[in-house]
Amino acid sequence: MFSDFKSKMGLQEDFDAAVDSISNKVNKTMDNDELKEVYALFKQASIGDINTDRPGMFDMKGKAKWDAWSSKKGMSQDEAKQKYVEFAAKMLEKHGARA
């Protein structure tokens, strides 16, 4: 899906289209590891390196998200955008689109 846009759109536009696809089109059947990867790549692409403290021990979901984003530390925002576009395409292919 996103490969069709490469010649017509730049990286930011590809990223925006991929975000829209993940948010609105991909079936909501992704597992936790896939969701963490989407989250981490999105945050790294949008903000850059993690800039918050790790949540406390009772916030399991927050810690998992923090750890996922922290794993992308040092990756450039452009590289994260490209990886997000590629990952979104895989998720669309694997999980299908909502009708």
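How exposed is Lys 36, going by its relative accessibility? Lys 36 comes out as partly exposed, at 31% relative accessibility. Keep in mind that this is a predicted model. Here's a quick tour of its charged pairs, its aromatic rings and helix α4.

**Salt bridges**

- Searching the whole structure turns up six salt bridges, and three of them are described here, starting with Lys 36 and its partner.
- Lys 36 pairs up with Asp 33 in a salt bridge, and their closest N and O atoms are 3.6 Å apart.
- Both residues belong to helix α2, which covers residues 32–46, and because they are three residues apart there, about one helical turn separates them.
- Asp 33 has 55% relative accessibility, so this residue counts as exposed.
- Lys 72 and Glu 37 make another salt bridge, with 3.1 Å between the closest N and O atoms.
- This pair ties together distant parts of the chain: Glu 37 is in helix α2, while Lys 72 is in the loop between α3 (60–70) and α4 (77–95), 35 residues apart.
- Is Lys 72 buried or exposed? Lys 72 is buried, since its relative accessible area is 12% and the cut-off for buried is under 20%.
- Its partner Glu 37 is partly exposed, at a relative accessible area of 25%.
- Over in helix α4, Glu 79 forms a salt bridge with Lys 83, and their closest N and O atoms are 4.0 Å apart.
- Glu 79 and Lys 83 are four residues apart in α4, so about one helical turn lies between them.
- Glu 79 counts as partly exposed at 37% relative accessibility, and Lys 83 also counts as partly exposed, at 35%.

**A residue out in a loop**

- Asp 53 lies in the loop between α2 and α3.
- With a relative accessible area of 72%, Asp 53 is exposed.
- Compare its position with Glu 79: the two are 26 residues apart in sequence, and 24 Å apart in space from C-alpha to C-alpha.

**Aromatic rings**

- The structure has three aromatic pairs.
- In one of these, Phe 15 and Tyr 84 meet edge-to-face, with 5.2 Å from centre to centre and 70 degrees between the planes.
- Phe 15 sits in helix α1 (residues 11–24) and Tyr 84 in helix α4, so the pair links distant parts of the chain, 69 residues apart.
- Both rings belong to buried residues: Phe 15 has 4% relative accessibility, and Tyr 84 has a relative accessible area of 4%.
- Add Phe 42 to Phe 15 and Tyr 84, and you have one aromatic cluster.
- Phe 15 has a charged visitor too: the charged end of Lys 81 sits over its ring, 5.9 Å from the centre.

**Helix α4**

- How far apart are the end C-alpha atoms of α4? They are 26 Å apart, which agrees with the 27 Å that its 19 residues should span at 1.5 Å a residue.
- Several residues of α4 are buried, including Ala 80, Lys 81, Tyr 84, Val 85 and Phe 87.
- Further along the helix, Ala 88, Met 91, Leu 92 and His 95 are buried as well.
- What do the buried residues of α4 pack against? They pack against α1 and α2.
- Just after the helix comes Gly 96, which takes a positive phi of about 80 degrees.

Notes. Residues are numbered from 1 along each chain as its sequence is written. This is a predicted model: local features need pLDDT of at least 70, side-chain atom pairs count only at pLDDT 80 or more; totals for chains, interfaces and linings use all residues. Side-chain values use heavy atoms; hydrogens and water are left out. A salt bridge is a side-chain nitrogen of Lys or Arg within 4 Å of a carboxyl oxygen of Asp or Glu. Helices (H or I, at least four residues) and strands (E, at least two) are DSSP runs, numbered from the N terminus. Buried means under 20% relative accessible area, exposed over 50%, partly exposed in between (1.4 Å probe, protein chains only). Rings of Phe, Tyr and Trp (its six-membered ring) pair if their centres lie within 6.5 Å; planes under 30 degrees apart count as stacked, over 60 as edge-to-face and the rest as tilted. A charge sits over a ring if NZ of Lys or CZ of Arg is within 6 Å of the ring centre and within 35 degrees of the ring normal. The expected span of a helix is 1.5 Å times one less than its number of residues. Contact means heavy atoms within 4.5 Å.
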